[in-house]
Amino acid sequence: MIVRRRWAAAATAGILVSAVLSQPGSGTAAPAAPRPTVTLASGETAVVRVQLRDQAQLDQLVARGADLANRPRSADGRVLADVVLTGAQLAELTAQGATALQVVQRAGDGARHFADSVRAAQARTKAGLRAPAADQRTTAAAATDTLQFLQAYWWTSNGQTFVQTEVATTATDDPDVEITVSWRTADGRTGSFPLFRFEDSGEYQYHYALPQPVPARPVQVTATSSLGGVTRPVTPTVWPNAAPPPLPEGYQKDFIDAYLTPVDIQARIKRLARQYRDLVDVIDLPNRTQGYRRTAVAYLGDPAAAAVVVESVRFGDQGMNGVQVRTVDPGRANRPLAVSYRDRVLTVSLATDGAGAVTSTTDQVAAAINGRFGDRFQAFVEDGSAGLPMPVAGPARLDDGLQGTEVPTKPWTVQALRIGVHRDGSRIGVLAYSQEHAREWATPLVTLEFAERMLANARTDAATRELLEQVDIFVIPTVNPDGANYSFHDYNFQRKNLVNHCTGTSRDPRNRNSWGVDLNRNYTVGSYFDGYVGGSGNCLSGTYSGTRELSEAESRNVIALAREHSNIRFAMNVHSYGGYFMWPPGAYKADGRVTLPRPSIDESKLFLDSARRIVGAIAQERGTVTWPSQTGPVADVLYSAAGNSADELYYELGIFAWDFEVGNDRWNAATGQWEGVGFQPPFDEAHGESQEYAGGLVEMVRVARDYAAAQEG
Ligand SMILES: [Zn+2]
C-alpha cells in the first residue's frame, strides 16, 4: 500500500516552515521522519515542540539533563516533547531523527510580552504548524484481540465539539496493533480517527489520541483493531459534566493587568493586607532564600585557548564585583610562581626558567591561587585548558553577571497570605502555591487573582463571605522569588532556584543558565534519592534534585507552612504550561514501574469528582476544557516526577494535593492542530489563564467546604 504523509505549510514568528512529504512504503517499513523545517540560529534559545524519533531518544534527552518544558506526550505514534534548547542542540536532535514542529516561545518573547503587558498592549497570536497526518499502514492480522474503552468523552469548547477516547487492547506486547475509533452523531454523520499506542517506562498503557473535532455531539463510538478486535458501541459521556454556580451579579474579578515580578508580588501582598485588614494575615515563611545573588567570576586567559576560571567565595554584591585578576611576566629569570592580593587586584606572577621564559601551566596557576587565597577565591582550570602554558592575561574583572538593577540582593523572605474570617485553625484549610518554577510567569497571576477575588467579594457577595466563614485559605504566590528575578532580568527560561551546587568545571560561567535546584524535585517522598524516576543528580539538569532531600530553603518553606497549619486538607501546586490537572501518585521506580501507593478507592473518587468540578469551573471563564486524558494521577497522565511537593503533602501530611499546569493548548481551527502556549505567552493569554484558573481555585475552596460539611454530617 501507499503511505501518505502531508505536512501543511505554515509560518510562525518569522520562521519559514514548509514541507510536504509523500513517501511510498510497504506495510512493514519503518515510517521515515518528516524533514526538519523549523530552524533556530545556533546560539538562539527557544522552546520548541519536537517530535522525537522514539522513546529511546526521549530517554537519552532526559538522561543528558535536557530541559523539558512540559510533559512529553504521545501522538502520531511518536513522542512529542516541548524542549528548551539552542539552535545547535536542535540541529543535533534533528540529525538524530527528531522533527521540530513548532517554536512555542523564543528567548526574546518573555521580555517583550512582559513589556507589552506593562503597556497593556494588544497581544499578537502566533500561527502554528500542522503535524504529520496519521500513519495509515496496516499489519497482517494475527490472533484477534479484545478491545475495551477506558474513556470516551465529548465536550464543546467555544463552539467546537471534541471527542477523546482511550482504548486498551489485550495484545499489549504487539507494537504494531492499530486501533481506529469510528464515531456517529445523532443526525447520522460519521467519521473515524486513529489511536496511538502509549507506553510509559517501557510498559504498554493504552491507545489514545489528542481530542478530535467532530461536527456535533457524538452519540456512539466504536473501536476496531488491525488484529480484528471490535468493541461494542459506546455512548461517550459529556466531560467534565460539572459546572459551578453561576457568578452572582456584581461579582468582582480581573485584578491582574500585567505580569508581576517578585518585587511587584511583594507590593501586592502588602496592599491586600492593608486593604482587607480584617480578612488577611501575612505570614513570613521561616527559611529565607539565598537572594538574587551570585559569586563574582572571570576567565583569566582566553577560554578559546587557555584559561583559568577565578571565582569569588563570597557573592558579587558582597564587595567582590569589580575585583581584578591578572597574570604577569616577572621579567626576570628563575622566578617562582607567586600570588599576591592587594587593592582588590589578585596578581599571579608566573614562574620563569633560566632564560627568563614563562613556564607556569594553567593547573599550577589555579593551585597557587587556591593555596594562597582559598578563603577569598576558588580557581579551576577551564574545561579543555588542562596542562596548557598559562598566558600573560588580564586584568579581568570579576562580576556576578546579574542584570537586574532594581532587585534587592539580600536573602528574600517568602510570604504567604492567610485569608478567612476565622484564621485560627478552627476551619478547614486550603493551600494554593505557585511559581516553584521561576519561568512560569502566569502562575502567580492565578493565585493572586484568586486571593483578591475572595477578599474583594467578601464584602459584596454573600456566598463568598460564607466561604470565608467556613474555610481558612493560604496562598504562596511565588515560592521561588530568586529564580523568578533571574527569569525576569537575566534568562527567561530559568526553571530552578538560584543556588549553585555545582563543583569543578561545571561551575564554568558558560553554564550559568543551567545552575540551580528544581524545587519540585527536592522533596522527600518518592525522591530521586529514594530511587524514583524523574529527578537528576546532575547539577546542570533541568530536574536537578539538589544535594539531598529538602536541601533548599524554598521547598522547606512550603512544607513548614503545611506542617504549621494542620487544618490544611487541600492543596494546589500551580505550574505552567500544557493544561493538566493531576494528583498522586506522582512518581514511580523505573524497575517494574512501581508507583507510590495508590489512593484508596474512596480517595480516588474524591480526587476525580473534585477534579471534574474544578475543570468545570475553569471552563466557565473562556471555554477552556482540560482534557480527560490530562486529568488524573501524575504517574498515569504521563510522567514520573521524583520528589515533587504534591506527593510530599499527600503522603506525609494527608493533604489532598493537586497540580495544575495552566496554559492549555489552544485549538487552531485553521490548521486543525492543538498549539502550545509557552511559559510567557502574550499577556492576553496569561491574563486569560489567570482568570480561568482562579475560578478553578475558588471551586477548590467550595470542594473543601463541602468536604468539611460531610465530615461533620
Ligand atoms: Zn512547573
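Here are some worked exercises on a predicted model.

**Exercise 1. How do helices α4 and α7 pack, and which residues make the contact?**

Step 1: Start with the geometry. Helix α4 covers residues 262–275 and helix α7 covers residues 442–458. Their axes sit 12 Å apart, at an angle of about 10 degrees.

Step 2: Classify the angle. Angles under 35 degrees count as roughly parallel, so α4 is roughly parallel to α7.

Step 3: List the residues. From α4 you get I265, R268, R271 and L272, and from α7 you get P444, L448, E452 and L455.

Step 4: Sort them by class. The contact of α4 with α7 has five nonpolar residues, three charged ones and no polar ones.

**Exercise 2. Which residues have the most contacts inside the largest nonpolar core, and which helix gives the most to it?**

Step 1: Get the core itself. The largest nonpolar core holds 95 residues. As background, nonpolar side chains in soluble globular proteins tend to be buried together.

Step 2: Pick out the hubs. F450, I476, F570, W658 and F660 have the most contacts inside this core.

Step 3: Find the main contributor. Helix α14, residues 683–712, gives the most, with 12 residues.

Step 4: Zoom in on one hub. Leaving aside neighbours within four places in sequence, F570 touches I428, G429, V430, L431, L606, I655, F656, W658, M700, V703, A704 and Y707.

Step 5: Look beyond this core. Apart from it lies another core, of 25 residues, with V325, V348, L350 and V381 among them.

**Exercise 3. Is H207 buried or exposed, and what is it in contact with?**

Step 1: Place the residue. H207 belongs to strand β13, which runs over residues 203–208.

Step 2: Check the accessibility. Buried means under 20% relative accessible area. H207 has 1%, so it is buried.

Step 3: Look for a polar partner. The side chains of H207 and Y204 are joined by a polar contact of 2.8 Å.

Step 4: Collect the contacts from further along the chain. With neighbours within four places in sequence set aside, H207 is in contact with T165, E166, V167, T169, V177, I179, L195, F196 and R197.

**Exercise 4. Is L227 buried or exposed, and how many Å separate its C-alpha atom from that of T169?**

Step 1: Place L227. This leucine is in the loop between β15 (218–225) and β16 (237–238).

Step 2: Apply the cut-off. Under 20% counts as buried, and L227 comes in at 6% relative accessibility, so it is buried.

Step 3: Take the distance. L227 and T169 are 58 residues apart along the chain, and their C-alpha atoms are separated by 9.7 Å.

**Exercise 5. Where are the cis peptide bonds at W239 and P584, and what are the omega values?**

Step 1: Take W239. Its bond to P240 is cis, with omega about -10 degrees. P240 lies in the loop between β16 and α4.

Step 2: Take P584. Its bond to P585 is cis too, with omega near 5 degrees. P585 lies in the loop between β29 (580–583) and β30 (588–589).

**Exercise 6. What is the phi of N158 and of D343, and are these residues buried or exposed?**

Step 1: Read off the backbone angles. N158 is not a glycine, yet has a positive phi of about 50 degrees. D343 is not a glycine either, and its phi is positive, about 50 degrees.

Step 2: Place them. N158 lies in the loop between β8 (147–157) and β9 (160–169). D343 lies in the loop between β21 (338–342) and β22 (345–349).

Step 3: Check accessibility. Exposed means over 50% relative accessible area. N158 has 61%, so it is exposed, and D343 has 72%, so it is exposed.

**Exercise 7. Where is N480, and which backbone oxygen lies 3.1 Å from a polar atom of its side chain?**

Step 1: Place N480. This asparagine lies in the loop between β27 (471–476) and α9.

Step 2: Check burial. N480 is buried, with a relative accessible area of 0%.

Step 3: Name the oxygen. The backbone oxygen of E436 lies 3.1 Å from a polar atom of the N480 side chain.

Step 4: Add the surroundings. Leaving aside neighbours within four places in sequence, N480 is in contact with Q435, E436, H437, A438, R495, K496, N497, L519 and E554.

Technical notes: Residues numbered from 1 in each chain as written. Predicted model: local features only at pLDDT ≥ 70, side-chain atom pairs only at ≥ 80, totals over all residues. Heavy atoms only, no water. Axes fitted to C-alpha atoms, helices over the stretch in contact; angles between N-to-C directions. Helix = DSSP H or I, 4+ residues; strand = E, 2+ residues; numbered from the N terminus. Parallel < 35°, antiparallel > 145°, perpendicular 65-115°, else oblique. Contact = heavy atoms within 4.5 Å. Nonpolar A, V, L, I, M, F, W, Y, C, P; charged D, E, K, R; others polar. Core = buried A, V, L, I, M, F, W, Y, C linked by side-chain atoms within 4.5 Å. Buried < 20%, exposed > 50% of the residue type's maximum accessible area, 1.4 Å probe, protein only. Polar contact = N/O pair within 3.5 Å; in protein donor to acceptor, adjacent residues only side chain to side chain.
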